[in-house]
Amino acid sequence: MPMVFLYTNLKDEEVPADFEVKTSRCVSEVLNKPKERIHVILNSDKRMCRNEDSSPCVLIEIQSLGVFSADKNPGYTEKFMEFFSTTLSIPKSRVTLVYKAAEAHMIGIL
């Protein structure tokens with residue numbers, strides 16, 4: 001059950017209207033998880049900077065069960081960087097990804 005938390009200093013109207021759905025599909029494909037189980041939370045219009053620069057940027061945290069490892073993460077990063085950079089019109093150098101391994105006993109769902 002991947003959970004995707006996105007933080008960006010883009011204004012809400014600068015983010016494509018179908019961004020959450022496209023993100024869910026991308027995460028489903030990249031992590032091989034059912035899209036029906038994916039949560040996407042967009043936090044736009046945040047005060048952010050990266051490298052002392054407040055031009056458009058995005059920080060994405062992805063939590064999931066049993067998919068992250070030192071061997072697999074570089075392949076995920078390549079695909080996610082391309083997607084988020086293209087979809088949000090932000091250079092890859094302004095995209096940061098954080099992977100967190102979730103534990104089943106820490107998630108409450110039916």
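Two strands count as paired here if DSSP finds at least two bridges between them, and with that in mind the tour of this predicted model can open on its sheet.

**The sheet**

Select the strands to begin with: 4 of them form an open sheet in the order 2-1-3-4, and their pairing is mixed. At the edges stand strand 2 and strand 4 (95–102), each of which has a single partner strand, so that one side of each is left without a neighbour in the sheet. Viewed along the sheet, the twist from one strand to the next averages 15 degrees.

Next, restrict the selection to strand 1 (residues 3–8) and strand 3 (residues 58–65), which pair in the antiparallel sense over 6 bridges. To see one of the residue pairings, pick Met 3 and then Gln 63, its bridge partner in strand 3.

**The helices on the sheet**

Now add helix 1, which lies across strand 1, strand 2 and strand 3 and runs at about 135 degrees to strand 2. Helix 2 (residues 73–88) also packs on the sheet, where it touches strand 1, strand 3 and strand 4, and its direction makes about 135 degrees with that of strand 4.

**The nonpolar core**

With the helices and strands displayed, turn to the side chains of the largest nonpolar core, which has 25 residues; Leu 31, Ile 60, Ile 62, Tyr 76, Phe 80, Phe 84 and Leu 97 are the ones that touch the most other members. Two or more residues each are given to this core by strand 1, helix 1, strand 3, helix 2 and strand 4, and the largest share, 6 residues, comes from helix 2.

Ile 62 is a useful residue on which to centre the view: leaving aside residues up to four places away in sequence, Ile 62 touches Met 3, Val 4, Leu 31, Phe 68, Phe 80, Leu 97, Val 98, Tyr 99 and Lys 100.

**Salt bridges**

From Ile 62, the contact with Lys 100 leads on to the charged pairs, since a search of the whole structure finds 5 salt bridges. Lys 100 forms one of them with Glu 61, the closest N and O atoms being 3.7 Å apart. This pair links distant parts of the chain, with Glu 61 in strand 3 and Lys 100 in strand 4, 39 residues apart. Buried or exposed, how does Glu 61 stand? Glu 61 is buried, at a relative accessible area of 16%, whereas Lys 100 counts as partly exposed at 39% relative accessibility.

Move next to Glu 82 and Lys 92, whose side chains meet in a salt bridge at 2.8 Å, N to O. Glu 82 lies in helix 2 and Lys 92 in the loop between helix 2 and strand 4, so the pair ties together parts that are 10 residues apart in sequence. Glu 82 is partly exposed, with a relative accessible area of 40%, and Lys 92 is likewise partly exposed, at 42%.

A further salt bridge can be found by selecting Asp 18 and Lys 22, whose side chains meet at 3.6 Å, N to O. Asp 18 counts as partly exposed at 34% relative accessibility, and Lys 22 is partly exposed too, with a relative accessible area of 37%.

**The cysteines**

Select the cysteines next; the structure holds 0 disulfides. Cys 26 is in no disulfide, and the nearest cysteine sulfur, that of Cys 57, is 19 Å away. The sulfur of Cys 57 in turn has its closest cysteine sulfur in Cys 49, at 7.5 Å, which is too far for a bond, given that a disulfide is taken to require sulfur atoms within 2.5 Å. Cys 26 is buried, with a relative accessible area of 11%, and Cys 57 also counts as buried, at 3% relative accessibility.

**Two arginines in loops**

The last stops are in loops, beginning with Arg 37, which sits between helix 1 (19–31) and strand 2 (39–43). Which residue, 36 residues apart from Arg 37 along the chain, has a C-alpha atom separated from that of Arg 37 by 5.1 Å? Selecting Met 1 shows the residue in question. Arg 37 is partly exposed, with a relative accessible area of 36%.

Finish at Arg 47, in the loop between strand 2 and strand 3. Arg 47 is exposed, with a relative accessible area of 86%, and its C-alpha atom is separated by 8.0 Å from that of Thr 8, a residue 39 residues apart along the chain.

Definitions and conventions
Residues are numbered from 1 along each chain as its sequence is written. This is a predicted model: local features need pLDDT of at least 70, side-chain atom pairs count only at pLDDT 80 or more; totals for chains, interfaces and linings use all residues. Side-chain values use heavy atoms; hydrogens and water are left out. Buried means under 20% relative accessible area, exposed over 50%, partly exposed in between (1.4 Å probe, protein chains only). Axes are lines fitted to C-alpha atoms, for helices over the stretch in contact, and angles run from 0 to 180 degrees between N-to-C directions. Contact means heavy atoms within 4.5 Å. A salt bridge is a side-chain nitrogen of Lys or Arg within 4 Å of a carboxyl oxygen of Asp or Glu. A nonpolar core is a set of buried Ala, Val, Leu, Ile, Met, Phe, Trp, Tyr and Cys residues joined through side-chain atoms within 4.5 Å.
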